[in-house]
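I set out to record what I looked up in this model, entry by entry. The entries follow the order in which I consulted the structure.

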Amino acid sequence: MEEGYTSLPTSHLLGSVPAAVAEESTKGAASESSSANLQIFPPANGGYQAPGSPYGGDDQAANSWRGVCSISSYTPYFNVDTDIVVGRFISSVYPMNDFTGKIDVNPDLYGPIWISTTLVFMLAALGNCATYLMRKRNEPDTMWTFDVTYVNWAACIIYGYALAVPVAFYFLLRYFGCNASLIRLWCMWGYSLFIFVPSSLLLIAPVEIFRWIIIILAGAASSWFVALNLKSYIEGSDLMVLIVSALLLQFVLALFIKIFFFV
Amino acid sequence: MSYGGAAPLHQSSQSDIDEIENLINDSVRFGPATILPARPPSSPRASIPVSSSPFVPSALHPLPSSNKKPLPHFAVPSFSAGPSPQGIATDGLGPPTNTLTEPIWDTVKRDLTRIATNLRLVVFPNPNREDPGKALRDWDLWGPFFFIVFLGLVLSWSASVKKSEVFAVAFAVLAAGAIILTLNVLLLGGHIIFFQSLSLLGYCLFPLDIGALICLLGSNVIIKMMVVLVTFSWSSWAAYPFMSTAVSSRRKALALYPVFLMYISIGCLIIAVD
């Protein structure tokens, strides 16, 4: 009976048996971080890898996880200085710069969170302002009151978009076999919303054609940013459908902002 | 009774046990007719340290040693007659005070005095502003609570439609905002005490409260904008030293920007409701 078992070609699957270590070290170059980890099974590249491990920086962040409620688990994602953040803002406005390369080692969540929050307040405040100016210009007799539900709508839309769309793309990318890191996707989508902050300032002007030009330009720049970075992120795999859908989604968001808030 | 032989009790639980003992002893010794003297304003209370503050040694460390001060700083002065667990001497003025049996007016007066003191320290110019440890050692949450609710109420009164939504938005933004701002500083690697920061951000709302009240009474948009501008700068000036010293200097702007964002949004809300 034992002969039957030992004849099974499974010896390469044993990760913790010392006899297999020599075998592992020959393949070590491809999976140097996983060879020491006895929990990776099988140790050879059988197709399973921890999420985000091709980008080595995630290992350190994953290891310092101390539970959902501990602040120190999240501190690695806020490890940025003012000048780094400002640099990322600027490179998000020019789609030509390689944003993905910049955030590869140190993705941060400070940018996405505070850009979304700023955008929520700006849309609510400036949307009301713009509606007031438009109303005053076109129908000077109607009463205008401050519509506080703009805050609710802005919060739902912006936070929902910035949270849900990267998650959806993360699952889609994993389904299609690419290695994706959720943090980097959140980071990129968050910074892509930055261009709407100054453009919403410009959208106050009560000239309708001017508003449309501004939002189309901003939407185009933002969508192009998302598409370019997504493409360089999933380097190589031919998933044009995903890229085009990301581009369209961003553009739809831009149009929605104009239509809902800056009537 | 000192239970120091077993696992040492926390100071506050030891003080609670002492307080209950004193109460029992009081009622036995003095009978129901005694009025215990009022307590003086309380001392620095046990802050809940999230992380240690390297530049506020005076705020955190004296806690164990302040027990030894002769004046009844804590709620537990020990009895000279009974077993004295921590060696706190009474002030010699008679039976020790108990916050459980003092008149309500004394409690309210003490809390109001503390609110006024904290307000003076935080919002008005005083020589201790640059030291964040001294600024709000005796933090409390009553003051911030009053200011937030007052601001929500004033905004709600000012609004002509959807009053309850206005109150809800103002209250939610301020309450959640204070918590999120504190978490932001902690995540950026700063050193602050969570509740002290909540308390400070609440106290810094006081100028905006005044601004909202003035805007409630007046109606011209230009005047409203001037008033809000002045009170917003006052609030930001009050919050600036605390927040900027809490994080490293390279990240100062990252910690301060959300504070300005919150105050600006409340300022816009004040201008806009009419």
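Entry 1. I began with residues 113-134 of chain A, in a model that is predicted. This span is 100% helix and 0% strand, and its end C-alpha atoms lie 31 Å apart. I then read residues 209-227 of chain A, where I found 100% helix and 0% strand, with 27 Å between the end C-alpha atoms. Both spans appear in UniProt, in an unreviewed entry, under "transmembrane region"; the annotation also covers residues 150-173, 185-203 and 239-261 of chain A.

Entry 2. I next took the overall make-up of chain A. I counted 12 helices and 0 strands. Of its 263 residues, 43% are buried. For contacts between residues at least 6 apart in sequence, I noted that 70% join residues at least 24 apart.

Entry 3. I asked where A:Lys258 lies, and whether it is buried or exposed. A:Lys258 belongs to helix α12 of chain A, residues 240-261. Its relative accessible area is 2%, and because buried means under 20%, A:Lys258 counts as buried. Beyond its neighbours within four places in sequence, I listed its contacts as A:Glu208, A:Arg211, A:Trp212, A:Ile215 and A:Val263.

Entry 4. I turned to A:Asn179, which sits in the loop between α8 (149-175) and α9 (182-192) of chain A. With a relative accessible area of 32%, A:Asn179 is partly exposed, because this class lies between the 20% and 50% limits. I also checked A:Asn179 against A:Ile234: the two are 55 residues apart in sequence, and their C-alpha atoms are 7.8 Å apart in space.

Entry 5. I moved to chain B, which has 11 helices and 0 strands. Of its 274 residues, 46% count as buried. Contacts between residues at least 6 apart in sequence join residues at least 24 apart in 73% of cases.

Entry 6. For chain B, an unreviewed UniProt entry gives "transmembrane region" at residues 141-160, 166-188 and 254-273. I read residues 166-188 of chain B as 96% helix and 0% strand, with the end C-alpha atoms 32 Å apart. Residues 254-273 of chain B are 95% helix and 0% strand, with 30 Å between the end C-alpha atoms.

Entry 7. I examined helix α6 of chain B, residues 142-158, which has 17 residues. From first C-alpha to last it reaches 24 Å, close to the 24 Å expected at 1.5 Å a residue. Among the buried residues of α6(B) I noted B:Phe147, B:Ile148, B:Leu151, B:Gly152 and B:Leu155. An α-helix has 3.6 residues a turn, so residues three or four places apart point the same way. I then asked which helices the buried residues of α6(B) pack against. They pack against α4 (104-123), α7, α8 (194-203), α9 (206-217) and α11 of chain B.

Entry 8. I closed with the largest pocket, which holds about 1100 Å³ of space. Its lining comprises 41 residues, and those nearest its centre are A:Ala125, A:Cys129, B:Cys268, B:Ile271 and B:Ala272. At least two lining residues come from each of α7 (110-138) of chain A and α7 (163-187), α10 (221-246) and α11 (252-272) of chain B. By class, I recorded 28 nonpolar, 8 polar and 5 charged residues in the lining.

Technical notes: Residues numbered from 1 in each chain as written. Chains lettered and ligands numbered in written order. Predicted model: local features only at pLDDT ≥ 70, side-chain atom pairs only at ≥ 80, totals over all residues. Heavy atoms only, no water. 1 Å grid on protein atoms, 1.4 Å probe; cavity = no way out; pocket = protein on both sides within 12 Å on 5 of 7 lines; lining within 4 Å. Points joined across faces, edges and corners; volume = space filled by probe spheres on them. Helix = DSSP H or I, 4+ residues; strand = E, 2+ residues; numbered from the N terminus. Nonpolar A, V, L, I, M, F, W, Y, C, P; charged D, E, K, R; others polar. Buried < 20%, exposed > 50% of the residue type's maximum accessible area, 1.4 Å probe, protein only. Contact = heavy atoms within 4.5 Å. UniProt positions renumbered as here; feature names shortened; annotations may be inferred. Expected span 1.5 Å × (residues − 1).
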